[in-house]
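Subject: Structure handover

Hello,

Here is the structure I promised you. Please open it alongside this message, and then read on for what turned up.

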Amino acid sequence: MTGAGGALSVGAVVGLAMVCAGAAGWPGSARDRRLVRRARGLLGGGKTAPAGPGGRAVPWWVGQVWRRSRAGREWWCLVAGFVVAVLGASVVPLLIGAAGVPVVRRAMGSGARRRARERRADEVIALCGVLAGEVRAGRQPAQALFTAARDTGGLGDAHACVLAAGRFGGDVPTALGAASRESGAEGLSGLAACWRVAVDRGAGLASGLERLEGSLRAERDQRAETRAQLAGARSTAVMLAGLPVLGLLLGGALGAAPLRVLLHTGAGLGCLAVGGALEGAGLWWALRIVRGAEEA
């Protein structure tokens, strides 16, 4: 594979890699988040989703197609490996693509869990704010908790247990403490403390909830600011990880037939193995540093 043919094959490989990279990075975009929010609000048995920020409803099939396309996105690694294997007349790219499927699935699962945790934390903040407003308006704490939980969904899976404890005179702080063990719902432990102090000592529940809401909101904003500051470092690491693809493109343009060298010679296979291992280790280490800074 030399000359124009080699450049064309490598160009096809690079184009496919760019498409797969774009597909893998799409869920983090603002457009993706808006579409997911709209599709998530599907009405049971209805044909449209509730209107989003733009005021326009989304057809029901949009959410179905979007969910299914996201569910199997990791299999594009196998498709890319198959195409490169055909272009390079070697089974090695297919094996690499198959090995990449669980890695991409795990990365996507980690991102989904992080987004769910952040969404859960937002629901807890909204719960504290609505509950404080209801108490200020003169409602009894148990009735205010029922209204706030119904409007915000801040109690999550423990919704029924906490509301039952509040309605029938049970131990609401204990139920809230149990609910706070859910990922992203740690703020409910503060709500449990406010509830216990208000009941046992007669302290103002509304003022404590307002301070708790402010604290949780400030912590969320700090995390968002830290993530924004580290976005450049993460993007740089990903961009540097893509430089070997540029090297393949340049090699093909110069007529060096990089796929033939990498896949059909002993030295090329050794370079591919060592380079792939170093590439993966470097990208993992860089992203681990970024995640460590976010958690700190």
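Is Ala257 buried or exposed? Ala257 is buried, because its relative accessibility is 3% and the cut-off for buried is under 20%. Its place is the loop between α11 (243-253) and α12 (258-264). Its backbone also deserves a look. The phi of Ala257 is positive, near 50°, and this residue is not a glycine.

Before going further, please keep in mind that this is a predicted model.

The overall picture

The protein has 13 helices and zero strands. Read from the N terminus, the order of elements is therefore α at every step, from α1 through to α13. The chain has 296 residues, and 29% of them count as buried. The accessible surface is about 17,200 Å². Carbon and sulfur atoms make up 64% of that surface. Take the contacts between residues with a separation of 6 or more: 56% of them join residues 24 or more positions apart.

Helix α5 and its partner α4

Start with α5, which covers residues 92-136. This helix has 45 residues. From first C-alpha to last it reaches 67 Å, close to the 66 Å expected at 1.5 Å a residue. There is a bend in α5 of about 30° at Gly100. A proline, Pro102, follows within four residues. After the helix comes Gly138, with a positive phi near 105°.

Helix α4 (residues 76-88) packs against α5. The angle between them is about 170°, and their axes are 7 Å apart. The two helices are therefore roughly antiparallel, since an angle over 145 degrees counts as such. On the α4 side, the residues in contact are Cys77, Leu78, Gly81, Phe82, Val84 and Ala85. On the α5 side, they are Pro93, Leu94, Gly97, Ala98, Gly100, Val101 and Val104. Note that Gly100, where α5 bends, is among the residues that meet α4.

Three more residues to find

Glu213 sits in helix α10 (residues 205-241). Is Glu213 buried or exposed? Glu213 is buried, because its relative accessible area is 18% and the cut-off is under 20%. Setting aside residues up to four places away in sequence, Glu213 touches Ile125, Cys128 and Gly129.

Gly184 lies in the loop between α8 (172-179) and α9 (187-201). Gly184 is buried too, with a relative accessible area of 6%. What does Gly184 contact, leaving aside its neighbours within four places in sequence? The partners are Arg117, Arg120, Ala121 and Val124. Glu118 is also worth locating: the C-alpha atoms of Gly184 and Glu118 are separated by 6.2 Å. Along the chain, these two are 66 residues apart.

Cys161 belongs to helix α7 (residues 159-167). Is Cys161 buried or exposed? Cys161 counts as exposed, because its relative accessibility is 55% and the cut-off is over 50%. The C-alpha atoms of Cys161 and Ala178 are 9.7 Å apart, with the two positions 17 residues apart along the chain count.

That is the list for now.

Best wishes

Terms used: Residues are numbered from 1 along each chain as its sequence is written. This is a predicted model: local features need pLDDT of at least 70, side-chain atom pairs count only at pLDDT 80 or more; totals for chains, interfaces and linings use all residues. Side-chain values use heavy atoms; hydrogens and water are left out. Buried means under 20% relative accessible area, exposed over 50%, partly exposed in between (1.4 Å probe, protein chains only). Contact means heavy atoms within 4.5 Å. Accessible areas come from the Shrake-Rupley method with a 1.4 Å probe; for residues, only the protein chains shown count as cover. The expected span of a helix is 1.5 Å times one less than its number of residues. The bend at a residue is the angle between axes fitted to the seven residues ending there and the seven starting there. Axes are lines fitted to C-alpha atoms, for helices over the stretch in contact, and angles run from 0 to 180 degrees between N-to-C directions. Angles under 35 degrees count as roughly parallel, over 145 as roughly antiparallel, 65 to 115 as roughly perpendicular and the rest as oblique.
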